[in-house]
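Q: I have a structure open and want a quick tour of how its parts pack. Can we go through it piece by piece?

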Amino acid sequence: MSESSSQPNRTRNRAIQPHGSRQEGSAVAKLVAGAIGIVFGDIGTSPLYAFRETFVGAHPLELDRIHVLGVVSLIFWSMTLVVSIQYVTILMRADNKGEGGSLALVALLSGALRKSKFGWVAVLLGVFATSLFYGDSMITPAISVLSAVEGLTVVQSGLAPLVLPIAVTLLVLLFMIQSRGTAKIGAWFAPIMLVYFTVIAVLGIIQIIAHPSILMALNPWYAVQFFMTDGIKAFLALGSVVLAVTGSEALFADMGHFGKKPMRIAWFGFAMPALLCNYFGQGAMILALDTAGAAEAIQNPFFILAPEYLRLPLVILATMATFIASQAVISGAFSVTHQAIQLGFIPRLTIKHTSASEAGQIYIPIVNWALMIAVILLVLTFQTSSNLASAYGIAVTGAMFIDTCLLAIVVLTLWKWKWWYAMPLVGIFFIVDGAYFAANLTKVPQGGWFPLLVGAFAYLLLTTWAKGRKLMRENMAEAAMPIEVFTKSAKNSATRVSGTAIFMASSSMGIPAALLHNIKHNKVIHDRVVILTVNIKDVPSIPLSERVEVTDIGDGFYRLILNFGFMQETNIPLALTKVKNCGMPFDMMTTSFFLSRQTLLPSKKPKMSIWREKIFAWMLRNAATAMEFFKLPSNRVVELGSQMEI
């Protein structure tokens, strides 16, 4: 091509680039706004109670210069080290094909450490972090909404009797709307949170301008001086200071929804500066007041920041923000449960999709109602957000410490960092997260036992199901007949009938029990017999090009494997429309699905404790059927039962 003919193309390409950049910038801006509206609600509402609890909680501090500057300095450096460096900068690099969170990290590590004798350690750590998340997801809505509604007592002390009824009503409403999805009200999340972060930043800046000496807390020396002056109390104060960084795990877990770049822009460019302005503003206000004024203001410094005529609007805004923060935690519980089901740690549950366009918007009824009951009981039992703060933090710091352990495994085994480079960095995180966890262990008698109890119960259920499922698969594999032997014997011992029969199989080896029972009792074989195995991989999603594996066994028999990622919906009828090289296209009107349903019998030589075996049997009986989970047409399903020992 001549120079003259190529020149217009180059000119045109240069002209297009700015438009493409604008489009990309607009897309990133929308993701940034979405992240602010959904992800940062938990950590964004912590100024409601974190600073206050450090001074008036279980281990109160004096309201003097050393303690105020020390606490504000601790909050600043905690947010910098834990949230900004550990989670946003480093852990976000440890994604599993774009997805974050403890289970995604475990799936990534289990693949890399499959041949290692220590691979099980990473799996157990991740499962325990997930278990602790359930305890956290019960306390977060309770303390957030309750602390916001308590702002009414700042507006008018006579409204105190209304705090609990209003908080409970809002929480019940929150859980009631889950089944309808949040697509419509979700459009308001980002604008509300943008206004909320802007307002709390402005309120803080006003106080900082009036009393700029609070900025000395940027110097870590004041945190060190706090420990030197009041060592034991400073250590115990960490149990309340850590409330300022609750929600760190959510930043990592929700990374797949928005991407690393928008999340980092939203944190460093907006959320973190707004939060720090508010914390520094609360500290500046307390320092500026006399002893009596400070003692009164510290009871609810977040709302006292605002002029008296703006306190009621601030209460309403804060309540909406905590409502949104609670919604994010509940959605996170649904998402984590879905991941755990796909990875084999939880039995199949009924999952409903609340949006036709957004695959990630799901609703799990049993999780929703269990959370609602737990949250309401927490509010009615603990009565105030200060009492709840005693139970809050231990699950969060436990999960943070486990994430640090997993990070150590990642940097040494996956990223191949030199140990002398990795250990100092990871060592700092171990010291910081370990100190926070140790400080929160002192809360166990005052209420910290609750999230630990929930975490232990969830851990028992998750590990029992995983072990029982593994034993069942091993037993089925031992009893399985090779498919080649079966096809040769079956074609001469049964009558062929028209149509397609799909037999669901948990293993891609051998013959499923339903197929053997069908031949034994009904003496018929369909013209096309498909043995279908759904395989969940250790990655978030599988592209369509790698979804289907078909093997033509001959005589009308096929083995079909459908591969899904642990974040994908397993819709079998939809997936079958994409299958080729498996005979004629699948027609649901001429296709029958045969499922096996196992009943457990007591074993003479049990491989599990009897009490765990009973728990597993109970979970198996109450699991959602394969028909519901795989979206099979109910009028085309045949279930055949079998008995099994484990």
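Q: Which residues of helix H11 (residues 221–229) are buried?
A: This is a predicted model, to start with. In H11, the buried residues are Tyr222, Ala223 and Phe226.

Q: And where do they sit around the axis?
A: On the same side of H11, because they cover an arc of only 105° around the axis.

Q: What do they pack against?
A: Helix H4 (65–90) and helix H12 (231–241).

Q: Any general reason for that spacing?
A: An α-helix has 3.6 residues a turn, so residues three or four places apart point the same way.

Q: OK, new topic. How many residues are in the largest nonpolar core?
A: It has 180 residues. Those with the most contacts inside it are Phe40, Phe51, Met79, Phe197, Trp267 and Ile572.

Q: Take Phe51. What is it in contact with, leaving aside neighbours within four places in sequence?
A: One group is Val68, Val71, Val72 and Ile75. Phe51 also touches Tyr279, Gln282, Gly283, Ile286, Ile298 and Pro301.

Q: What other core lies apart from the largest one?
A: There is another core of 17 residues. Among them are Phe486, Ala505, Ala514 and Ile519.

Q: Phe486 is in H24, right? Which residues of H24 are buried?
A: Helix H24 covers residues 483–490, and Phe486 is one of its buried residues. The others are Ile483, Thr487 and Ala490.

Q: How are they arranged, seen down the axis?
A: They line one face of H24, since they fall within an arc of 95°.

Q: What covers them?
A: The cover includes helix H25 (513–522). It also includes strands S4 (524–536), S5 (548–554) and S6 (557–564).

Q: Now H25 itself. What is buried there?
A: Ala514, Leu515, Asn518 and Ile519. These buried residues fall within an arc of 135° seen down the axis of H25, so they line one face of the helix.

Q: Which exposed residues are on the face turned away?
A: Lys520 and His521.

Q: What is the phi of Lys523, just after H25?
A: Lys523 takes a positive phi of about 60°. Most residues other than glycine have a negative phi.

Q: Which other residues have a positive phi without being glycine?
A: Asp555 is one, with phi near 60°. Lys631 is another, at about 60°.

Q: Where is Asp555, and how accessible is it?
A: Asp555 is in the loop between S5 and S6. Its relative accessibility is 43%, so it counts as partly exposed.

Q: And Lys631?
A: Lys631 is in the loop between helix H28 (626–629) and strand S8 (637–645). Lys631 is partly exposed too, with a relative accessible area of 26%.

Q: Switching to helix pairs. How do H8 and H19 cross?
A: The axes of H8 (residues 163–176) and H19 (residues 365–382) come within 10 Å and cross at roughly 175°. The two helices are therefore roughly antiparallel.

Q: Which residues meet there?
A: From H8, they include Leu164, Val168, Leu171 and Phe175. From H19, they include Trp369, Met372, Val375 and Leu380.

Q: How does that contact divide into nonpolar, polar and charged?
A: Its residues are 13 nonpolar, one polar and no charged.

Q: Last one. Is Ala374 in H19 buried or exposed?
A: Ala374 lies in H19 and is buried, at 12% relative accessible area. Its C-alpha atom is 9.5 Å from that of Gly135, and the two residues are 239 apart along the chain.

Terms used: Residues are numbered from 1 along each chain as its sequence is written. This is a predicted model: local features need pLDDT of at least 70, side-chain atom pairs count only at pLDDT 80 or more; totals for chains, interfaces and linings use all residues. Side-chain values use heavy atoms; hydrogens and water are left out. A nonpolar core is a set of buried Ala, Val, Leu, Ile, Met, Phe, Trp, Tyr and Cys residues joined through side-chain atoms within 4.5 Å. Buried means under 20% relative accessible area, exposed over 50%, partly exposed in between (1.4 Å probe, protein chains only). Contact means heavy atoms within 4.5 Å. Helices (H or I, at least four residues) and strands (E, at least two) are DSSP runs, numbered from the N terminus. The arc is that of the directions from the helix axis to the C-beta atoms. Axes are lines fitted to C-alpha atoms, for helices over the stretch in contact, and angles run from 0 to 180 degrees between N-to-C directions. Angles under 35 degrees count as roughly parallel, over 145 as roughly antiparallel, 65 to 115 as roughly perpendicular and the rest as oblique. Ala, Val, Leu, Ile, Met, Phe, Trp, Tyr, Cys and Pro count as nonpolar, Asp, Glu, Lys and Arg as charged, and the others, Gly among them, as polar.
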